[in-house]
Amino acid sequence: MPESHDVVTPTAFIMGQITISGMGGRGYASEVRVVAQSKGRSTDTLAKSESTYVLLVSPGEWHVTAEVGGVTSEAKRVNLASGQTMEINFHFGRRS
């Protein structure tokens, strides 16, 4: 009988809150694209303002950005272990 190997890909999560304020008007959409990149790999998701996003990633170092209406956040670096969840929140616009 052939040998069987189960391949288990460990996973981790990046999640957080999206907040947009004071960016109304032309050129700004309420939809935010959150991107995580690591060693030539990337994953992304779309989220709305005042909502939570979740990215399923493999363990390791990731650089996470968010973009809305042509404005991109500064990259935030995280290093995740298998099963770990990291919270990264993004705020665009004026702070109250």
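Strands S1 (12-21) and S4 (51-57) share the job of building a nonpolar patch, each of them supplying at least two of its residues. In this predicted model, the patch sits on the surface and is made up of Phe 13, Met 15, Val 54 and Leu 56. Taken together, these four residues come to about 330 Å² of accessible area. Phe 13 is placed in strand S1. With a relative accessibility of 32%, Phe 13 counts as partly exposed, because that value falls between the 20% that bounds buried residues and the 50% above which a residue is called exposed.

Now for the charged side chains. Searching the whole structure turns up 3 salt bridges. One of them pairs Lys 48 with Glu 31, at an N to O distance of 3.8 Å. Lys 48 belongs to strand S3 (residues 41-48) and Glu 31 to strand S2 (residues 31-38), so this contact ties together parts of the chain that are 17 residues apart in sequence. As for exposure, Lys 48 is partly exposed, at 48% relative accessible area. Glu 31 is partly exposed too, with a value of 37%.

Another salt bridge joins Arg 33 to Asp 44, and here the closest N and O atoms are 2.8 Å apart. Strands S2 and S3 turn up again: Arg 33 is in S2 and Asp 44 in S3, and the pair links distant parts of the chain, 11 residues apart. Arg 33 is partly exposed, with 38% relative accessible area. For Asp 44, the relative accessibility is 38%, which puts this residue in the partly exposed class.

The remaining pair to describe is Glu 61 with Arg 77, whose closest N and O atoms lie 3.4 Å apart in a salt bridge. Glu 61 comes from strand S5 (residues 60-68), while Arg 77 comes from strand S7 (residues 76-80), so the bridge ties together parts that are 16 residues apart in sequence. The two ends of this bridge fall into separate exposure classes. Glu 61 has 35% relative accessibility and counts as partly exposed. Arg 77, on the other hand, is exposed, with a relative accessible area of 54%; it gets that label because the cut-off for exposed is over 50%.

To pull the strands together: S2 and S3 are linked through Lys 48 and Glu 31, S5 and S7 are tied by Glu 61 and Arg 77, and S1 and S4 supply residues to the nonpolar patch.

Conventions:
Residues are numbered from 1 along each chain as its sequence is written. This is a predicted model: local features need pLDDT of at least 70, side-chain atom pairs count only at pLDDT 80 or more; totals for chains, interfaces and linings use all residues. Side-chain values use heavy atoms; hydrogens and water are left out. Helices (H or I, at least four residues) and strands (E, at least two) are DSSP runs, numbered from the N terminus. Buried means under 20% relative accessible area, exposed over 50%, partly exposed in between (1.4 Å probe, protein chains only). Patches are made of residues with over 30% relative accessible area and no salt bridge: like charges are joined within 9 Å, nonpolar side chains (Val, Leu, Ile, Met, Phe, Trp, Tyr) within 5 Å. Accessible areas come from the Shrake-Rupley method with a 1.4 Å probe; for residues, only the protein chains shown count as cover.
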